[in-house]
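Here's a quick briefing to read with the model open in your viewer. Have the sequence handy too, and let's get straight into it.

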Amino acid sequence: MGASPESPAAFVQRLLAGGKGWLTAYFDVLSRVSRSEQAYFTDEHRLRLFYEALRAADPSAGATIGAFRPAPALLLLVTRLQREPSGEPLVPGNIEVWNEILLQKNDSHVVREWRRHNNRLTSPD
């Protein structure tokens, strides 16, 4: 983003100028959770992944169109994610169970997409 929250005027100016409102929406989502959750979702390995997940499928769409968020998934993820005491996301069952599910023949579009993008899940992230 290029501006530190420790310089509020510059930070807010850059926040409002970024990415058709998506950067502001991302900051808004993160402002709703605890500092430990903020640290998890802004980790250098996760930040871009979660920011890209926030934006709508149509890159030309702005975050401020309509009364509801065009892409509410990140807000739901950030506010509902359960984590293990170790800090990793809670995976119901375990990763091997999910790998087995994804390897089974299935007519679900969602399962086919997961299978296409991930040959095998290796971590809760």
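Asn99 is in contact with Arg120 and Leu121, leaving aside its neighbours within four places in sequence. Asn99 sits in helix α6, and with a relative accessible area of 2% it is under the 20% cut-off, so it counts as buried. Keep in mind that this is a predicted model, with a mean pLDDT of 79 for the protein.

**Around helix α6**

- Helix α6 covers residues 95-103, and Ile101 is found in it as well.
- Unlike the buried Asn99, Ile101 is partly exposed, with a relative accessible area of 31%.
- Ile101 joins Val97 and Trp98 in making a nonpolar surface patch of about 230 Å².

**Overall layout**

- The protein has 7 helices and 0 strands, so reading from the N terminus on you just get α-α-α-α-α-α-α.
- Of the 125 residues in the protein, 26% are buried.
- The accessible surface comes to about 9000 Å², and carbon and sulfur atoms account for 56% of that.
- Take the contacts between residues at least 6 apart in sequence: 50% of them join residues at least 24 apart.

**How far to trust it**

- A pLDDT of 70 or more is reached by 88% of the residues.
- Confidence is highest in α3, at a mean of 89, and lowest in helix α7 (residues 109-117), at a mean of 72.
- As a general caution, where pLDDT is low, the predicted coordinates shouldn't be read in detail.

**The nonpolar core**

- Which residues have the most contacts inside the largest nonpolar core? They are Tyr26, Phe41, Phe50, Tyr51, Leu54, Leu74 and Val78, in a core of 17 residues.
- Five helices each supply at least two residues of this core: α1 (8-17), α2 (22-30), α3 (35-41), α4 (47-54) and α5 (73-80).
- Helix α2 gives the most to this core, with 6 residues.
- Tyr26 is a good place to click: not counting residues up to four places away in sequence, it touches Phe41, Leu47, Phe50, Tyr51, Leu54 and Leu74.
- For background, nonpolar side chains tend to be buried together in soluble globular proteins.

**Leu15 in helix α1**

- Leu15 has its place in helix α1.
- Is Leu15 buried or exposed? At 6% relative accessibility, Leu15 counts as buried.
- Leu15 and Pro5 are 10 residues apart along the chain, and their C-alpha atoms are separated by 9.8 Å.

**Salt bridges**

- The structure holds 3 salt bridges, and side chains of opposite charge can pair when their charged atoms come close.
- The side chains of Arg83 and Glu37 meet in one of them, at 3.0 Å from N to O.
- That pair links distant parts of the chain, 46 residues apart: Arg83 lies in the loop between α5 and α6, while Glu37 is in helix α3.
- How do the two partners sit with respect to the surface, and what are their accessibilities? Arg83 counts as partly exposed, at 27% relative accessibility, whereas Glu37 counts as buried, at 15%.
- Arg32 forms a salt bridge with Asp28, and the closest N and O atoms are 3.1 Å apart.
- In that pair, Arg32 counts as exposed at 52% relative accessibility, which puts it over the 50% cut-off. Asp28, at 25%, counts as partly exposed.
- Arg46 and Asp43 also meet through their side chains in a salt bridge, at 3.8 Å from N to O.
- Here the arginine is the buried partner: Arg46 has 16% relative accessibility, while Asp43 is partly exposed at 26%.

**Thr79, back beside Glu37**

- Thr79 has its place in helix α5, one of the helices that supply the core.
- With a relative accessible area of 38%, Thr79 is partly exposed, in contrast to the buried Glu37.
- The C-alpha atoms of Thr79 and Glu37 are separated by 8.9 Å, although the two residues are 42 apart along the chain.

How values were computed. Residues are numbered from 1 along each chain as its sequence is written. This is a predicted model: local features need pLDDT of at least 70, side-chain atom pairs count only at pLDDT 80 or more; totals for chains, interfaces and linings use all residues. Side-chain values use heavy atoms; hydrogens and water are left out. A nonpolar core is a set of buried Ala, Val, Leu, Ile, Met, Phe, Trp, Tyr and Cys residues joined through side-chain atoms within 4.5 Å. Buried means under 20% relative accessible area, exposed over 50%, partly exposed in between (1.4 Å probe, protein chains only). Helices (H or I, at least four residues) and strands (E, at least two) are DSSP runs, numbered from the N terminus. Contact means heavy atoms within 4.5 Å. pLDDT is the predictor's confidence in each residue, from 0 to 100. Patches are made of residues with over 30% relative accessible area and no salt bridge: like charges are joined within 9 Å, nonpolar side chains (Val, Leu, Ile, Met, Phe, Trp, Tyr) within 5 Å. Accessible areas come from the Shrake-Rupley method with a 1.4 Å probe; for residues, only the protein chains shown count as cover. A salt bridge is a side-chain nitrogen of Lys or Arg within 4 Å of a carboxyl oxygen of Asp or Glu.
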